[in-house]
Amino acid sequence: MAQDVGPPAFVGETPGRPVVEEIWIEPYPGDCLGPDATYEQRETVELAFVAALQLLPPLQRAVLVLREVLGFSAQETATALETTVAAVNSALQRARKTVDERVPLESQQTALRTLGDEAVQELVARYMQAMEDADVETVVSLLVEDATWSMPPLGTWYSGLAAIRPFLGDHCLRERWRHVATSANGQPAVLSYMWDADARVFRVYALDVLSLRDGQIAAVDAFLDSAVFGAFGLPEELAE
């Protein structure tokens, strides 16, 4: 089922004041935590990102990331968001409760460790090849039955294979693609380059962040904002 939802905001809400800006939470390069980051640190960042992206209202999103990921104190967070320490503590408590109740039982870090590096790399390679071959059925075969496909900052997203299959066949895979594997949010990711017939090159178009479950792809979050691509240190164009 294709659905249209408003983009999540990553800003604070002071009581009585409207939110005046909406900003998508952007993917971060896979090595931003450094090679010595612990499993627990990576999982904390992942769960905060998932919750912020999908589950929480704006103030709770901002508080969770500032406190749990960036290490701000309650006072620093209150100052940054122009609210009170009491409001920050309350928002953090509610955010933690939502995370405990609604995030997936298995984190992506656990899923990746269970699957193993070699199997993950093989799955990503099959995804890239099928996309480049415009092979809708192979792409679909790599997805779980209730997979989702989103394209931030666009509000439209697709849920389930019955919706994703025609989206791929009628739209996405009517273009020519090349791909480069990378990592984002501690998960496998792919920079997708679309063919520019006028310039005769493939230009970077999207960053596909892949979420896995039971050895298949459970979600593709294809970030379309060109501002995020440079952080990954990969070329903006590929030759034919």
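## Helix α3 and the residue after it

In this predicted model, helix α3 is followed by E82, which has a positive phi near 55°. E82 is not a glycine, yet its phi is positive all the same. Its place is in the loop that runs between α3 (74-81) and α4 (85-102). Is E82 buried or exposed? E82 counts as exposed, because its relative accessibility is 52% and the exposed class begins over 50%.

Which residues of α3 are buried? They are A74, T77, A78 and L81. These four sit on the same side of α3, because the arc they cover around the axis is only 100°.

## The hairpin of β4 and β5

Let's turn to the strands, beginning with β4 (177-184) and β5 (187-196). β4 and β5 pair in the antiparallel sense, and eight bridges join them. To find one of these contacts in the viewer, start at T182, whose bridge partner in β5 is A189.

The two strands form a hairpin with two residues between them. Here again a positive phi turns up: N185 takes a value near 60°.

## Strand β7 and its two partners

Strand β7 covers residues 216-223. How many of its eight residues are buried? Seven of them are, so the strand is mostly covered.

On one pairing, β7 meets β6 (201-213). β6 and β7 run in the antiparallel sense over seven bridges, and S211 has A219 as its bridge partner in β7. The two strands form a hairpin with two residues between them, and D214 in the turn has a positive phi of about 55°.

β7 also pairs with strand β2 (residues 143-150), this time in the parallel sense and over four bridges. A handy place to look is L143, whose bridge partner in β7 is I217.

## Salt bridges between helices

Side chains of opposite charge can pair when their charged atoms come close. How many salt bridges does a search of the whole structure find? It finds seven.

One salt bridge brings together the side chains of R96 and E68, at 3.1 Å from N to O. This pair links distant parts of the chain, with R96 in helix α4 and E68 in helix α2 (residues 58-69), 28 residues apart. R96 counts as partly exposed, because its relative accessibility is 40%. E68 is also placed in the partly exposed class, at 33%.

Another salt bridge joins E137 and R165, whose closest N and O atoms are 3.0 Å apart. E137 belongs to helix α7 (residues 136-141) and R165 to helix α8 (residues 161-170), so this pair, too, links distant parts of the chain, 28 residues apart. At 46% relative accessibility, E137 counts as partly exposed. R165 counts as partly exposed as well, with a value of 33%.

## A network around R176, R200 and E240

The side chains of E240 and R176 meet in a salt bridge at 3.6 Å, N to O. What does this pair tie together? E240 lies in the segment after β8 (237-239), and R176 lies in the loop between α8 and β4, so the contact ties together parts that are 64 residues apart in sequence. E240 is exposed, because its relative accessible area is 55%. R176 counts as partly exposed, at 35% relative accessibility.

Which residues are linked in a network of salt bridges? The network holds R176, R200 and E240. R200 is worth a second look for its backbone: phi is near 60°, a positive value in a residue other than glycine. R200 lies in the loop between β5 and β6.

## A look at S159

S159 lies in strand β3, which spans residues 156-159. S159 counts as partly exposed, because its relative accessibility is 24%. How far apart are the C-alpha atoms of S159 and E145? They are separated by 9.2 Å, while the two residues are 14 residues apart along the chain.

Technical notes. Residues numbered from 1 in each chain as written. Predicted model: local features only at pLDDT ≥ 70, side-chain atom pairs only at ≥ 80, totals over all residues. Heavy atoms only, no water. Buried < 20%, exposed > 50% of the residue type's maximum accessible area, 1.4 Å probe, protein only. Salt bridge = Lys/Arg side-chain N within 4 Å of Asp/Glu carboxyl O. Pairing = 2+ DSSP bridges. Arc of directions from axis to C-beta.
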